[in-house]
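Reader: I am new to this structure and would like a close look at one part of it. Could you take me through that part slowly, in connected prose?

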Amino acid sequence: MSTYLFELPTTGSISFGDFCVDTTASNAYASHIAEATQARANLRGVLKVIKRTDTDEKDYLRLIKVLDDYLPYLHGIMACVASGDIRLKSEPQFSWRTTLSAHLFHMSPRIALASLHADLASSLLTYAFALSNFARVTVTSLGSYEHDRAISEIERKAKDEKLNFAVTMLCRASGIFTYISEKVLLDWDKAGEGASGRPPDLSKEVNAALAKMTLADAQTLAIRKFLSKSAYDNAVSPGPPLPKSHPSIPLIFKFHLECVSLYSSARTLAMTPGSARPSSSSSNPDSNAEVCVELRRYLADASAFHAALAHKWLGVDAGESGAREKGGEAVAWLLWAKKELEDMKESGLGIAVGRDREKRERKGRVADELESVGVFLKHYKKINDSLTFQPVPKQQDLQARIPTGILAVHSKPYKPPSPAFGPGSVEHARLQTEALALLEEDDSSGDEAVASSANSRTYAGAGSYF
């Protein structure tokens with residue numbers, strides 16, 4: 001299954017000089033305000049270019065670098081406003097197109113968002129989208145390398161590392177979504193600046209959902225890397241017996257079960273804003289919108305697919321255990337997995353929505369897994385019918401035997417960059433250090449003068465004139 005492909009937003013132009021007034025005596029931040037405007041103009045320009053570029057040619061790395069440049073300036077503006085070094089003449093209005101909301105005719109409307117917190121939240125949301133899409137592009141470039149019998153061990157390991165890089169990008173994206181949900185939107189609420197009528201894209205629930213989804217996407221890739229060596233060794237004759245390089249089967253089904261939990265929780269959270277917090281008084285067209293059907297369907301499909309794979313590997317674990325009493329259980333798990341995959345194949349698994357290539361990829365992956373399950377099922381059923389003769393449990397009996405999932409990877413907490421200027425910046429810390437050093441030097445000079453004066457009056461009759 002491919003990771004989710006985010007549609008990137010675009011943003012309107014804005015000049016910080018129109019509403020930011022430098023209140024310092026030396027007008028120290030005037031040039032920085034202009035630089036912040038330029039950095040944001042660069043962001044707007046890159047987003048416009050990406051919008052007009054074909055999917056395979058979008059330069060996500062360039063966007064990430066532009067955001068790395070702009071965010072310190074935005075933090076600098078916010079730090080100076082908080083300290084009083086910059087005064088806002090009026091409440092700033094930032095225009096962004098929403099891309100996660102469900103719209104009539106699939107059009108993404110542009111909405112006006114008030115306050116600096118809004119631009120920070122939207123910029124970070126775009127940053128996380130770019131990281132996730134960059135991971136997707138990286139994975140797409142690898143192809144199905146682990147099933148290529150002609151690939152060398154060195155080449156396979158090199159592609160494993162690229163896959164691991166994509167995992168890291170998704171873990172970073174997950175950390176940013178969490179930061180938006182738990183920090184940025186909370187600060188926006190506390191500031192009370194235009195926080196009403198937000199689109200689903202900027203709700204705590206949706207960002208918490210996206211954090212779980214990107215973490216599950218990262219775990220999906222981590223499972224692929226975990227199985228890379230055995231997939232290569234098993235490419236000629238898939239199915240039992242498993243190659244010696246095959247990793248722990250219990251770990252595999254527990255990894256898949258955790259993916260099920262993450263995707264399911266994400267879907268529940270993503271469904272919350274549209275039904276739980278309508279805002280009919282808002283002027284924003286997205287304030288009552290739901291999350292787009294593509295995202296909701298992706299989460300449902302991914303959860304169902306990983307559930308089927310968990311059941312497959314639970315069956316393989318029972319079959320490979322060698323225990324006589326597990327013969328019927330192995331057949332039961334694999335029959336369950338086969339039924340789930342057949343249902344996905346018949347329903348199209350996302351065929352109703354989504355992009356053409358994604359449809360083909362998902363359909364192909366389901367067909368591949370269905371074939372794999374069929375090979376294992378045929379083998380273990382033959383053993384049970386001819387050797388072990390164990391009853392095949394019902395599906396409801398298996399339900400109680402499903403263990404708890406475990407994480408293979410973890411979200412990477414987002415650490416905001418230091419402001420480019422103002423309080424908290426390197427420049428500000430340097431100026432404060434220099435000022436403190438001058439003050440200490442003045443105090444030291446004063447102490448020496450006092451001591452010299454005292455020493456000059458130590459002789460008998462000092463200060464007395466006759």
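Author: In this predicted model, I151 sits in the loop that joins helix 3 (116-142) to helix 4 (153-191). I151 has a relative accessible area of 8%, and because buried means under 20%, this residue counts as buried. Although I151 and Y232 are 81 residues apart in sequence, their C-alpha atoms lie 8.9 Å from each other in space.

Helix 4, which follows this loop, holds a pair of charged residues that deserves attention. General background helps here: side chains of opposite charge can pair when their charged atoms come close. R156 forms such a salt bridge with E153, and the closest N and O atoms of the two are 2.7 Å apart. Both R156 and E153 belong to helix 4, where they are three residues apart, about one turn of the helix. The two partners can also be described by their accessibility: R156, at 5% relative accessibility, counts as buried, whereas E153, at 32%, counts as partly exposed.

This pair is part of a wider arrangement, in which E153, R156, D160, K229 and D233 are linked in a network of salt bridges, while the structure as a whole holds 19 salt bridges.

Another helix completes the picture, namely helix 5 (residues 204-226). Of its 23 residues, 17 are buried, so helix 5 is largely enclosed by the rest of the structure. At 1.5 Å a residue, helix 5 should span 33 Å, and its end C-alpha atoms are indeed 33 Å apart, which agrees.

Key: Residues numbered from 1 in each chain as written. Predicted model: local features only at pLDDT ≥ 70, side-chain atom pairs only at ≥ 80, totals over all residues. Heavy atoms only, no water. Helix = DSSP H or I, 4+ residues; strand = E, 2+ residues; numbered from the N terminus. Expected span 1.5 Å × (residues − 1). Buried < 20%, exposed > 50% of the residue type's maximum accessible area, 1.4 Å probe, protein only. Salt bridge = Lys/Arg side-chain N within 4 Å of Asp/Glu carboxyl O.
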